[in-house]
Structure formats: structure tokens, C-alpha cells
Amino acid sequence: MLTIEAHASTLLVVDFQARLMPSIDQGAAAVANARRLIEAAALLGVPNLFTEQNAKGLGPTVAELEPAPAVLAHKMTFDACRAPGFLERLARDHAVVVAGCEAHVCVLQTVLGLLSRDRKVFVVRDALGARRAESKETALRRMERHGAEVVTTEMVVFEWLSTCEHPRFREAVALIK
């Protein structure tokens, strides 16, 4: 299946951390779109997992996205796949929908790590951040070249819905309008 199915995907939210976000180009937009994805995932029963990179140095996840402790993975490696226990927290048969910061560091290395382990990955372009736009664009091209699908928040939500007859359709659409 080429579309993203709600019952067979997990939302991965990478390192939207308090001390990092003020320096992210278009950071508020990336956080807002990540929030939309998190809320849509909750509406549609899509599991999520958050990472925090070196929380002592970069602080916790921003308040707008604050994860429950049960879905938070702490890491020191840029590639979350290298952090002990991380991969075991992702259902093996799920595609991974990725939002996060920074696109050219932790997101890139995590996506490449997932791809090297034969995972299907969808990178949400408008829910990614980097300090410089050129770093984000270069990372997107590299991830796509290695097999990640580049998508937008709206694409993800409508693919998760699959039909306008979905019982949560109006609620989900309200999140992206």
C-alpha cells in the first residue's frame, strides 16, 4: 500500500526541545504542524513516540507538544535507532511518520537508521525544523534519495482518514483548517 494507513503507522516526534526551538527557522510553524499530527493521531488511534536528545543540555520537549512519560524515549545518539530499547518501541509492521528537529541531524540520522532496517518512512516536510532552511532542504533531498517518502501534514491526516465517511472526519479536518 502506498498510502499511510492509520492502523499500520506510528507517529515519531523527534527532539522538539525547549532550548533548541528558538533558533529554528520557521520553528513555530513546525511545532504547530507537529501538534496537528499529534492531535490527529490521538483522534484516529495512531500510536506515537517522542524522543529527546540530551535533555539536560537541550531541555524537555516544548510545552505545546508535551508527551506523556510512557511515550518518551531519551537518547544521546543522533540516530534514535542506536539508543537502547528504541526500536523495540516501534511496531515492526508499522510505517513510521516522522516530524522533528533538526532535519539535518537527528531526524536525518534516525530516518536513515530506520531505512537501513527496512522500515517504511514518511517524513513530514512542514513539521520539520532546522536552524537554516538550506540544511532542511538538503536533508529532505537526502532522505528522499534513500527511500523516505516526503509528505505534508495534510497528506498524512487525509491518508489516515482514508474516507470522508470516517466517523472522526470532521474533527480531524478541523485540525488542519
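**A tour from the whole chain to two arginines**

Colour the chain by secondary structure, and six helices and six strands appear, where helices (H or I, at least four residues) and strands (E, at least two) are DSSP runs numbered from the N terminus. Read along the sequence, they follow the pattern β-α-β-α-β-β-α-β-α-β-α-α. This is a predicted model, in which local features need pLDDT of at least 70 and side-chain atom pairs count only at pLDDT 80 or more, while totals for chains, interfaces and linings use all residues. Residues are numbered from 1 along each chain as its sequence is written, and side-chain values use heavy atoms, with hydrogens and water left out.

With everything still in view, the C-alpha trace spans about 45 × 35 × 30 Å along its principal axes. Of the 177 residues, 50% count as buried, a term that means under 20% relative accessible area, with exposed being over 50% and partly exposed in between (1.4 Å probe, protein chains only).

Next select α3 (103-116), whose buried residues are Ala103, Cys106, Val107, Leu108, Thr110, Val111, Gly113, Leu114 and Leu115. Show their surroundings, and these buried residues are seen to pack against β1 (9-14), β2 (48-53), β3 (72-75), β4 (95-101), β5 and α4 (133-145), contact being heavy atoms within 4.5 Å. Just past the helix, stop at Asp118, which follows α3 and has a positive phi, near 60°.

Move on to Arg119, in the loop between α3 and β5 (121-129). Its side chain is buried yet has no salt bridge, which would require a side-chain nitrogen of Lys or Arg within 4 Å of a carboxyl oxygen of Asp or Glu; the nearest side chain of opposite charge, Asp93, is 6.5 Å away. Lys and Arg count as positive and Asp and Glu as negative, whereas His and the chain ends are not counted. Display the backbone of Ala91 as well, since its oxygen lies 2.4 Å from a polar atom of the Arg119 side chain. Not counting residues up to four places away in sequence, Arg119 touches Leu90, Ala91, Arg92, His94, Val96 and Leu114.

Finally, select Arg89, which is found in the loop between β3 and β4 and, at 36% relative accessibility, counts as partly exposed. Leaving aside neighbours within four places in sequence, Arg89 is in contact with Leu49, Ala70, Val71, Leu72 and Ala73, and the backbone oxygen of Leu72 lies 3.0 Å from a polar atom of the Arg89 side chain. To relate this stop to α3, draw a distance from the C-alpha atom of Arg89 to that of Leu114: the two residues are 25 apart along the chain, and these atoms are separated by 13 Å.

Technical notes: A polar contact is a pair of N or O atoms within 3.5 Å; within protein, one must be able to donate a hydrogen and the other to accept it, and residues adjacent in sequence count only if both atoms are side-chain atoms.
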